[in-house]
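Pull up the model and keep the sequence beside it. Let's walk through the fold and then look at where its charged side chains meet.

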Amino acid sequence: MDGTMSKMFATSCDTVLADAPKVNPVSDILTDSFGRLHTYLRISLTERCNLRCMYCMPAEGVDLTPNPQLLSLNEIVRLANLFVSSGVTKIRLTGGEPTTRRDIEEICLQLSNLSGLKTLAMTTNGIVLANKLPRLRECGLSLLNISLDTLVPAKFEFMTRRKGHERVMKSIDAAIQLGYNPVKVNCVVMRGFNDDEICDFVELTRERPINVRFIEFMPFDGNVWNVKKLVPYSEMLDIVGKKFTGLQRIQDHPTETAKNFRIDGHQGTVSFITSMTEHFCAGCNRLRLLADGNLKVCLFGPSEVSLKDPLRSGVDDNELKEIIGAAVKRKKAAHAGMLDIAKTPNRPMIHIGG
């Protein structure tokens, strides 16, 4: 097994999309000029976080948007309903850290009751999740991603600039006990920091319904991105393939961001998110609503449009849909290459939403 392994498992969104089932949206405002229907909305609930992960936030911190300028519960639900009524079937709640919002249970309850929404997901660092999760599940939270970049407590404290490793592991256990299957564990891989733990993370999938998702290190403002820190998908796949036998590629959905694998004898699965070395723009179906009410149609694009300002100025739903539709139509076919992305001004990840 050598560096060509990733090519053996490669698929092209361009070719797979031709075989994708046709979707009949309520309207065409979520279809861009390249025919991509956006059915997945990521909503950042807050810019606040109880960790300081080095790839997400600069060491000196960031200026936070004042609370009155962030979307309220009612504004989040109103905007989410516009997207769902137009064709969105999946919403993911992000942050900052979404569980730091005091009204997180009510947000989940109201969003999960939107007619037409099939999946309500959350990405969380797991620090305070264990105690909140039973109620969140009752409120309709159906899918869970927990961020964890190391299995070594001392290294966790170094990478996040906070303590809390044991609490994250407790949250993973709690999610499994509550029946989340799979429990997705997001791991940003950085050379010289945690690339020596790749196989240890894969071991988590042996006897538990965990989907470990290895994410290529991506550039955002303030995270001191360097191509030398990037561990490419091909290298990660080789590391896993040399240690674990029976690595099999799973047929991915055309809009899937990850390259998914199962391993013989493992209950869980392993995935790779290859934004830097093998982008998946052709199948992109995602939009982002930031905590300050801005709509971002591409994670790596600097372009944003405010939905909060027209909403608060009193425009009706049809006018809001026109603004959304115009923004979607301006979405480019693909984002720039990783070296160009690194030079392009963009917000810190803590502002965008993970």
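What follows goes from the whole chain to the sheet, and then to the charged pairs.

Bear in mind as you look around that this is a predicted model. The protein chain has 13 helices and twelve strands. Of its 354 residues, 55% are buried. The accessible surface comes to about 15,300 Å², and carbon and sulfur atoms account for 51% of that. If you take the contacts between residues at least 6 apart in sequence, 73% of them join residues at least 24 apart.

Now find the sheet. It is an open one of twelve strands with mixed pairing, and its order reads β7-β8-β9-β6-β5-β4-β3-β2-β1-β10-β11-β12. The edges are β7 (247-249) and β12 (305-306); each has a single partner strand, so one side of each is left without a neighbour in the sheet. Further in, β5 and β6 run parallel and are joined by seven bridges. To see one of the bridge partnerships, look at V183, whose partner in β6 is I210.

Stay on strand β5 for a moment, since K184 sits there. What is the nearest side chain of opposite charge to K184? It is E256, at 5.7 Å, and K184 has no salt bridge although it is buried. Why does that pair not count? A salt bridge needs the nitrogen within 4 Å of a carboxyl oxygen, so 5.7 Å falls outside the cut-off. As for what K184 does touch, setting aside neighbours within four places in sequence, its contacts are L143, L144, N145, I146, N211 and R213.

Other charged side chains do find a partner. As a general point, side chains of opposite charge can pair when their charged atoms come close. In this model the count comes to 14 salt bridges. Let's visit three of them.

Start with R312 and E75, whose side chains meet in a salt bridge at 2.7 Å, N to O. R312 belongs to helix α10 (residues 308-312) and E75 to helix α3 (residues 73-85), so this pair ties together parts that are 237 residues apart in sequence. Are the two partners buried or exposed? R312 is partly exposed, at 42% relative accessibility, whereas E75 is buried, with a relative accessible area of 11%.

Next, go to K155. K155 forms a salt bridge with E197, and the closest N and O atoms are 3.0 Å apart. This pair also links distant parts of the chain: K155 is in helix α6 (residues 153-160), while E197 is in the loop between β5 (183-189) and α8 (198-203), 42 residues apart. Both K155 and E197 are buried. There is a further member to look for here, as K155, D196 and E197 are linked in a network of salt bridges.

The last stop is R208 with D173, a salt bridge whose closest N and O atoms are 2.7 Å apart. R208 lies in the loop between α8 and β6 (210-216), and D173 lies in helix α7 (residues 165-177), so to speak two distant parts of the chain, 35 residues apart, linked by the pair. Here R208 is partly exposed, with a relative accessible area of 25%, and D173 is partly exposed too, at 31%.

Terms used: Residues are numbered from 1 along each chain as its sequence is written. This is a predicted model: local features need pLDDT of at least 70, side-chain atom pairs count only at pLDDT 80 or more; totals for chains, interfaces and linings use all residues. Side-chain values use heavy atoms; hydrogens and water are left out. Helices (H or I, at least four residues) and strands (E, at least two) are DSSP runs, numbered from the N terminus. Buried means under 20% relative accessible area, exposed over 50%, partly exposed in between (1.4 Å probe, protein chains only). Lys and Arg count as positive and Asp and Glu as negative; His and the chain ends are not counted. Contact means heavy atoms within 4.5 Å. Two strands pair if DSSP finds at least two bridges between them. Accessible areas come from the Shrake-Rupley method with a 1.4 Å probe; for residues, only the protein chains shown count as cover.
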